Amino acid sequence: MPSWIKRLKKRVKNIARDGDDSGGGGGGPVVIPRPEHTISRADISENALKVLYRLKNAGYQAHLVGGGVRDLLLGREPKDFDVATDASPEEVKQVFRNCRLIGRRFRLAHVHFGREIIEVATFRGADRSGDRSAENGMLVRDNVWGTLEEDAQRRDFTVNALYYNIEDFSLIDYHGGMEDLRNGVLRLLGDPETRYREDPVRMLRAVRFAAKLGFRIDPACEAPLFGSAALLRSVPAARLFDEVLKLFMGGTGVQAFEKLRHYGLFGELFPQTEETLARQDHEFPITFVVRGLHNTDLRIREGKPVTPAFLFAVLLWEPVRLRANELIAQGEAPVPAMQQAGSEVIGEQLQRVSIPRRYSLPMREIWGLQHRFEQRNGRRPQRLLGHPRFRAAYDFLLLRAEAGEADGELASWWTDFQQAEAGEQSRMAEPVVRRRPRRRRRRRPRKPAASDG
Ligand code: ATP
Ligand code: MG
């Protein structure tokens, strides 16, 4: 058994006995030397390596941390690479020309390499004073710098607090992250309730990692998830938009959705949708959402493009559909009813999760085109086929049909129609039906041609 495993076991035993996980007193962190772990430089992005080496050569500490380390240890491909250093953001900026400082709450350096961004964070400190402030227990600013050990303490989960040190390629583990990684456990550092209150987005992160990695949430961290959804209200809507995309556009959206509902968190993000799901009198609202998310998951796994517009159109469809039906029952025509329903539902949704206009406009188009699928006469189908949003709207119609909310015959007619050749398409289209039959004009008797005499 490698020596670090023995030390780790001893550490875990001590924590279980004393509840002491300060990292101090017990002889510092567990350090796993290069030959005893599986992270190889060949698996780390070239740009991340460049950043690590350049910081090191400038005399700073530099570690890979977070999802990059976690995912590599699990044999998965990391989404991105995060770097932690003892250089301040300004010092990082001096090392890299291609560097931008971002954030006010959490100041960070972004080092740009074309499309790839390496996020460089200065070690966060444990000090209570300085540029850190909280409102009702929620951290609204956290720019106190510290040591590696303090930084480890301020991370969210033990499996996210593992450091790969570029100095000697060792792994540094202060909090038993390796053990939790092996057991598939998500465990927050510190007191779970305090950590959720400090930053309620950690609740969503717990759900996301559980869904993505198939890990279970440690019972002490799981219990406070129930009944804490209201904490999310203090999180800015723009940040929740980013989190929603990560939850539903990471390839495991269905699992994320089910877990969010299980912990009562979904209703805080999408209250109108939750209401329709809670009082549904048919199966299709939930079937529709789950199928939509499943579709997105499949597309992501197949490397096909996905757009937040389609995702949000799916998530908000049931409230929009019900509201449009209400308006129609009040005498509104279908097209304006759908437009108004869309505006109302989006307006309400923006209170919780922001949706940039570049997505809300195509969403409304997807909704608005749904009733046009029913018009199959004359040149109308061909015109709809040429609409820039046709493909998304058609995929949406298929989902509705699969969920049993739209007519299956209609959906397959459109499938056939697209594949048919032009001549066949004209035959498929229904004859033009005119509401008012054209009245025959009575021929007036021709005036005799005037003669100029
Ligand atoms: P992925 O990039 O795969 O989504 P990640 O764990 O890398 O997962 P990031 O959002 O990239 O997530 O954050 C990088 C690291 O920063 C995390 O692993 C964690 O150590 C720390 N971190 C991020 N968000 C928080 C938070 N809200 N509270 C505490 N630590 C956080
Ligand atoms: Mg990351």
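## Exercises on a predicted model

N136 is exposed, because 8 other C-beta atoms lie within 10 Å (20 or more would make a residue buried, 12 or fewer exposed, anything in between partly exposed, with C-beta atoms placed from the backbone). This is a predicted model, in which local features need pLDDT of at least 70, side-chain atom pairs count only at pLDDT 80 or more, and totals for chains, interfaces and linings use all residues. Residues are numbered from 1 along each chain as its sequence is written, while chains are lettered from A and ligands numbered from 1 in the order in which they are written.

**Exercise 1. Locate N136 and F169, and give the sign of phi for each.**

Step 1. Place N136: the loop between β7 (132–135) and β8 (138–142). Strands are DSSP runs of E, at least two residues; helices are runs of H or I, at least four; both are numbered from the N terminus.
Step 2. Read its phi. N136 is not a glycine, yet phi is positive, about 50°.
Step 3. Turn to F169, in the loop between β9 (162–165) and β10 (170–173). Its phi is also positive, near 65°, and F169 is not a glycine.
Step 4. Check exposure. F169 has 14 C-beta neighbours inside 10 Å, so it counts as partly exposed.

**Exercise 2. Describe the burial of helix α11.**

Step 1. Take residues 253–262. The buried ones are G253, A256, F257, K259 and L260.
Step 2. Find the cover. It includes α8 (201–213), α10 (237–248), α12 (266–269) and α14 (284–301). Contact means C-beta atoms, placed from the backbone, within 7 Å.
Step 3. Look from V207. Beyond neighbours within four places in sequence, V207 contacts A256, K259, L260, Y263 and L265.
Step 4. Step past the helix end. Just after α11, G264 has a positive phi of about 75°.

**Exercise 3. Analyse the largest nonpolar core.**

Step 1. Size it: 101 residues. Such a core is a set of buried Ala, Val, Leu, Ile, Met, Phe, Trp, Tyr and Cys residues joined through C-beta atoms within 7 Å.
Step 2. Name the residues with the most contacts inside this core: V83, L186, A206, V207 and A313.
Step 3. Find the top contributor. Helix α15 (residues 308–329) gives the most, 11 residues.
Step 4. Assign domains. At least three core residues come from each of domain 1 (3–183) and domain 2 (261–425); the bounds come from an automatic or database domain assignment.

Technical notes: Two residues are in contact if their C-beta atoms, placed from the backbone, lie within 7 Å.
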